[in-house]
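Trainee: Please take a close look at one part for me. Begin with the aromatic pairs and work outward from there.

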Amino acid sequence: MAAHRKLRARSLSGNTARTAATLALAGAATATVFDGTGHAEPRLTTAQVKNKVDRLYREAEAATEKYNDAHEKASAAQHRLNTLRDETARRQTRLDTARGALGSFAAAQYRDGAIAPSWQLALSSSPDRYLDGAAYAERAGDRQARQVTRVRAQLREIEQLRGAARVEAKSVRSRQVELKRQKDTVTAKLKQARQLLDRLTPPERAEVTTGTAAAPARATRSGTGGRSAPTPAVPARASTGRATAHTGRATAPNSRASAAVAYAYRKLGSPYVWGATGPNAFDCSGLIQAAYRSAGISLPRTTYAQINAGRRVSRSQLQPGDLVFFYSGVSHVGIYVGNGRMIHAPNPSAPVRVAPIDQMPFAGATRVA
């Protein structure tokens, strides 16, 4: 009986232990659930999302301009490398031809050089003809010596070209690394912005992307005015562009500025795509470059270069066609169309549109036409 009671006690103890373990696990799971709920990220207000998205778009745009700059430099370096390689190949072909000619001359000289010149003269049936031939051979020898000198010079030039090509190839690789780094930065910033926007309801998202959230108008980059009524992003061509185009559009000072402004108006509603220069999608500096390209003026690719492409003008002197720049890093640009407004490519959530120039920190203006 004692043994039986002892065994039963152990059995009861095991059940108790299992029960306690089960309760402990359930408690831990419950605690985890409550803990997860307690530490969940609080829901941001529309204004907070807008501020974060605007910041991410500004950072992405700054990286986009750096990407554009790196792309231009990488393309230029690749062009120089291709030119060096082509020139090296041409020089090598000429060198091979010269070497072939020297080889033929050397072989003939070897074949004819078994008898000393004095014996050739003594044994010749026509000494006068021999002397004429010897004089020709001497002149040919002089030509051979000059050709050897040219071949040596060609060899040095080819080696210099190959050295320059190696340096340029290293530059291309370096530019490509920078290109990838900036591309990764842009992609990451835009992905974060999309994730923030995806948390919003469609009306909230429209409020953020049209620049009507309850935040200072100067802080937005994607809006049509900051204080205006909400406007859907896609119909910007009709609601913000064409109305401005036909009511109160200022006159450009010359034909080229007028052509650039007209091009920008035609592109209202086109999507923003970073790195794009048209004709169907643009980033901010790509739109400006395309607009003036249509007017016969070649502009640099990036905002940093575009601001120095013409004559600086003050804000009070702005005329339609002037380029207007924003932020301390000069990372955004639009084309001024008069009445305190511009056409620009804002960001991936907003198409090319008309916007007031006072909605962003003004950095300067340039007149290129």
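Mentor: This is a predicted model, and it holds three aromatic pairs. Two of them are worth taking in turn. Y263 and F282 make one pair, in edge-to-face geometry. Their ring centres lie 6.4 Å apart, and the planes meet at 85°. This pair connects distant parts of the chain. Y263 belongs to helix α7, residues 255–266. F282 sits in the loop between α7 and α8, and the two residues are 19 apart. Both Y263 and F282 are buried.

F326 and F362 make another pair, and their rings are edge-to-face as well. Here the centres are 6.0 Å apart, with 80° between the planes. F326 is in strand β2 (residues 323–326) and F362 is in strand β6 (residues 362–367), so this contact ties together parts 36 residues apart in sequence. How buried or exposed is each ring of the pair? F326 counts as buried because its relative accessibility is 0%, under the 20% cut-off. F362 has a relative accessible area of 26%, so it is partly exposed. F362 also has a charged residue above its ring. R315 lies over the face of F362, 5.0 Å from the ring centre.

Go back to the loop of F282. P279 lies in that loop between α7 and α8. The peptide bond from G278 into P279 is cis, and omega is near 5°. That deserves a second look, because most peptide bonds are trans.

Next comes α8, residues 284–294. How enclosed is this helix? Nine of its 11 residues are buried, so α8 is largely enclosed by the rest of the structure. The buried ones are C284, S285, G286, L287, I288, Q289, A290, A291 and Y292. Just after α8, G296 adopts a positive phi of about 85°.

Now the sheet. Six strands form an open sheet in the order β1-β6-β2-β3-β4-β5, with antiparallel pairing. β1 (311–313) and β5 (353–356) are the edges, and each has a single partner strand, so one side of each lacks a neighbour in the sheet. Neighbouring strands are turned against each other by 40° on average, ignoring direction. β4 and β5 pair antiparallel over four bridges. In that pairing, I343 of the sheet faces V354 across in β5. α8 packs on this sheet and touches β2, β3 and β4. Its direction makes about 45° with that of β3.

β2 carries F326, so look at its side chains strand by strand. In a regular strand the side chains alternate between the two faces of the sheet. β2 shows this split: L323 and F325 point one way, while V324 and F326 point the other. All four are buried. On one flank, β2 runs antiparallel to β6, with four bridges. L323 stands opposite T366 there. β2 also runs antiparallel to β3, again with four bridges. F325 stands opposite V333 in β3.

What joins β2 to β3 along the chain? The two strands form a hairpin, with five residues between them. Y327 is in the turn. Its phi is near 75°, a positive value for a residue that is not glycine. Most residues other than glycine have a negative phi. Y327 is also buried, because its relative accessible area of 11% is under the 20% cut-off.

A similar phi appears one loop on. N339 lies in the loop between β3 and β4 (341–344). N339 is no glycine, yet its phi is positive at about 60°. Is N339 buried or exposed? Its relative accessible area is 57%, so N339 is exposed.

Finish in β4, at H344. H344 has 0% relative accessibility, so it counts as buried. Its side chain makes a polar contact with the side chain of H332, at 2.7 Å.

How values were computed
Residues are numbered from 1 along each chain as its sequence is written. This is a predicted model: local features need pLDDT of at least 70, side-chain atom pairs count only at pLDDT 80 or more; totals for chains, interfaces and linings use all residues. Side-chain values use heavy atoms; hydrogens and water are left out. Rings of Phe, Tyr and Trp (its six-membered ring) pair if their centres lie within 6.5 Å; planes under 30 degrees apart count as stacked, over 60 as edge-to-face and the rest as tilted. Buried means under 20% relative accessible area, exposed over 50%, partly exposed in between (1.4 Å probe, protein chains only). A charge sits over a ring if NZ of Lys or CZ of Arg is within 6 Å of the ring centre and within 35 degrees of the ring normal. A polar contact is a pair of N or O atoms within 3.5 Å; within protein, one must be able to donate a hydrogen and the other to accept it, and residues adjacent in sequence count only if both atoms are side-chain atoms. Two strands pair if DSSP finds at least two bridges between them. Axes are lines fitted to C-alpha atoms, for helices over the stretch in contact, and angles run from 0 to 180 degrees between N-to-C directions. Contact means heavy atoms within 4.5 Å.
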